[in-house]
Amino acid sequence: MAAIELKQVVKTFGEIRAVDGLDLEVPAGICLGLLGPNGAGKSTTMKLLTAQAIADSGSLRVLGYELPERSKEARAEMGVVPQLDNLDIDVTVEDNLRIFSRLYRVKDIDAAVDRALDIARLQDRRKDAVDELSGGMRRRLLVARGLVHSPRLFLLDEPTVGLDPQIRTEVWDLIEELRSGGTTILMSTHYIEEAERLADEVAVMAKGKVIARGTPAELIAEYAGRDTAEVYAPPARRAEVRAAAEEAGLEVRAAGPAIAIVGAERASNGVVPDDAVLRPASLEDVFVLLTGEELE
Amino acid sequence: MSGASTPVPGGARRGRMRRLEPAAIAGVMSREVANFRTFWKSTAFSSTVEPIVYLLAFGLGLGATVVADVDGLEYVQFVGTGMVATAVIFSSVFPAMFGTFVKHRFQNTYDAILAAPVDTEELVTAEMLWIGCRAAVFGCFPLIVTFFFGLQPAWGMLLVPFFCLITSLGFAGFGIAVAGTVAKIDQFNYVTTLVVTPLFLVAGTFFPISGLPEWAQVAAQFNPLHQLVELVRAACFGFEWNDLLRVGFLLVFSFVTWRIAIVQLRKRLID
Ligand SMILES: Nc1ncnc2c1ncn2[C@@H]1O[C@H](COP(=O)(O)OP(=O)(O)OP(=O)(O)O)[C@@H](O)[C@H]1O
Ligand SMILES: [Mg+2]
């Protein structure tokens, strides 16, 4: 049985259709990356899974429990890392973990706190107040707090948004470890690299729906082909090359100071200029083509 | 579905969890306690010093120069016993209003709690109980201070923490409901001016209700704080049968604000 099964889920806020006919199945034991641009409905989906938002229609099942009726049982077996840090900053590291061990009905609280401190690598800071920690430590604590009860399912909503690269790597290492331990993970992100590095499978979400789903390799093969050719040139020439490539039936996207011709291996002679830089197609190509979003 | 002995990896494993679980309520309260440990000194300081200042100013100042005895009581004892209610309302309604608002809007604390197996009903209940316990303690401070101004100990006084508790639960519920209702924090000003201040002034703390016009006396009967003032004075100077009605009134008050607080906060917390 899948850990998460969403069928035709709709959630509106007034006029806004935040989640709009979402079908999503997450098999037990995998890490699924929910990749989507701002406003795609990722956080709303996460909130639906913890019954912090109630769907207008559709069916939701998490860890075998029907939502929202049995969401309490589902929440008891699932860990959550929110998009926004909500640790108790005046309270010690240890007490933050202790409180959540109680909220999650953990039996052996001391053992759970110890284990979480190991995960966060904060054993030596256990007596310090959270506001004395560095940004990276806080983030590791936030992740570890969601793991005090050894959940079967772990939800992370943009776990590294706005973090500097070093902290991001630390958090990735944590998720990596968890993933190899067999916990089912659903992680939303709008960082391609994050999805590529951590996710067994990626679901691309846009406008409240999943519009593509597969392993990164499958998605690349299906939507972007094998090679991408990047052409660095002044705007006028970029426009020319673009027109020619689109004429030849290829997909082209802007890529900062360049344009990227996707599926370049299928191009007939002359369409891809000689000065183009050829590289393997990437998940980024897929994402931009599918969502029309420029990446930062 | 999954068999009981070998659960399917992604399948359900638990029986239904109950509503209002003590474990959930205790967990939320333990969070409050952990936070309170970081700021209890300032709170305890103001809760002790404030009644002393009031007693000196009103009790001795007014008592010595303007007012003589009230209902056969020395004015300082009249005010001292009435101040219990002041301590209770201030240590319940404001922490409930501001605490709830800040935890919800600025700290996102409730988002974290509700992602755990805790429902809004348990969250509100825990917050009310914690504020109630605190206020029950703080409510005793003015009484203790008044001992130094000649108040005689009485057995009935042992019930004062209980009276404080049932009143402060109601005001905590009221504060949480307000916090769940207002759009912005500055709207608390309306509530303070239109509700809290009048309740505080027309409770019979500083002057007896019996001096007021008839309609105001009737209105005061619906002021929970007035009922508390009467109960505390009865605890100090002797109960009457209608004190049971006062207790009943306060219990109803707490129950009603409890339910309203849950509804209002749930609207805020669950989209
Ligand atoms: N509580 C709410 N009230 C009104 N509109 C909301 C609410 N929550 C979300 N929305 C709207 O729903 C849409 C989806 O928002 P959501 O937060 O789910 O997107 P997201 O994919 O998480 O975006 P981001 O990457 O920016 O976090 C947005 O248009 C958002 O404005
Ligand atoms: Mg989001």
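The paragraphs below go through a predicted model, taking chain B, the contact between the chains, the metal site and some backbone details in turn.

Chain B is built from helices: its secondary structure comes to 12 helices and 0 strands. Read from one end of the sequence to the other, the pattern is therefore α-α-α-α-α-α-α-α-α-α-α-α. The C-alpha trace of chain B spans about 80 × 40 × 40 Å along its principal axes. Of the 271 residues in chain B, 52% are buried. When contacts between residues at least 6 apart in sequence are taken, 80% of those in chain B join residues at least 24 apart.

Ala235(B) serves as an example from this chain. Ala235(B) sits in helix H11, which covers residues 224-237 of chain B. Its relative accessibility is 3%, and because buried means under 20%, Ala235(B) counts as buried. Leaving aside residues up to four places away in sequence, Ala235(B) touches Ala154(B), Gly156(B), Met157(B), Val160(B) and Phe163(B). From Ala235(B) to Gly80(B) the C-alpha atoms are 13 Å apart in space, while the two residues are 155 apart in sequence.

The next topic is the contact between the chains. Chain A brings 39 residues to the contact and chain B brings 42 residues. The area buried between chain A and chain B is about 3300 Å², and carbon and sulfur atoms give 53% of that area. On the chain A side, Gln52(A), Lys72(A) and Arg105(A) together supply 21% of the area that chain A buries against chain B, more than any other three residues.

Charged and polar pairs also cross between the chains. There are 9 salt bridges between chain A and chain B. A salt bridge joins the side chains of Lys47(A) and Asp271(B), with 2.9 Å from N to O. Between the two chains, 22 residue pairs are in polar contact, counting pairs in which both residues have pLDDT 80 or more. Three elements of chain A, namely strand E1 (4-13), helix H2 (71-76) and helix H3 (93-103), each supply at least two residues of the side that touches chain B. H3(A) gives the most to that side, with 5 residues. By residue type, the side of chain A that touches chain B divides into 18 nonpolar, 4 polar and 17 charged residues.

Chain A also provides protein donors for a metal. The magnesium ion (ligand 2) has Ser43(A), through OG, and Gln83(A), through OE1, as its protein donors, which lie 2.0 to 2.3 Å from the ion. Ser43(A) belongs to helix H1 (residues 42-49) and Gln83(A) to the loop between strand E6 (78-81) and H3 of chain A, so the pair ties together parts that are 40 residues apart in sequence. Ser43(A) counts as partly exposed, at 26% relative accessibility. Gln83(A) is also partly exposed, with a value of 30%.

Some backbone details in chain A remain. Most residues other than glycine have a negative phi, and most peptide bonds are trans. The peptide bond from Leu67(A) to Pro68(A) is cis, with omega near 0°. Pro68(A) lies in the loop between strand E5 (65-67) and H2 of chain A. Arg121(A), although not a glycine, has a positive phi of about 50°. The loop between helix H4 (109-120) and helix H5 (135-145) of chain A holds Arg121(A). Lys207(A), not a glycine either, has a positive phi of about 50°. This residue is found in the loop between strand E9 (201-206) and strand E10 (209-214) of chain A. With a relative accessible area of 70%, Lys207(A) is exposed.

Note on methods. Residues are numbered from 1 along each chain as its sequence is written. Chains are lettered from A and ligands numbered from 1 in the order in which they are written. Side-chain values use heavy atoms; hydrogens and water are left out. Contact means heavy atoms within 4.5 Å. Buried area is the accessible area (1.4 Å probe) that two parts lose on being put together, summed over both. A salt bridge is a side-chain nitrogen of Lys or Arg within 4 Å of a carboxyl oxygen of Asp or Glu. A polar contact is a pair of N or O atoms within 3.5 Å; within protein, one must be able to donate a hydrogen and the other to accept it, and residues adjacent in sequence count only if both atoms are side-chain atoms. Helices (H or I, at least four residues) and strands (E, at least two) are DSSP runs, numbered from the N terminus. Ala, Val, Leu, Ile, Met, Phe, Trp, Tyr, Cys and Pro count as nonpolar, Asp, Glu, Lys and Arg as charged, and the others, Gly among them, as polar. Donors are N, O and S atoms within 2.8 Å of the metal (3.2 Å for Na, K and Ca); water is not among the atoms, so sites may look incomplete. Buried means under 20% relative accessible area, exposed over 50%, partly exposed in between (1.4 Å probe, protein chains only).
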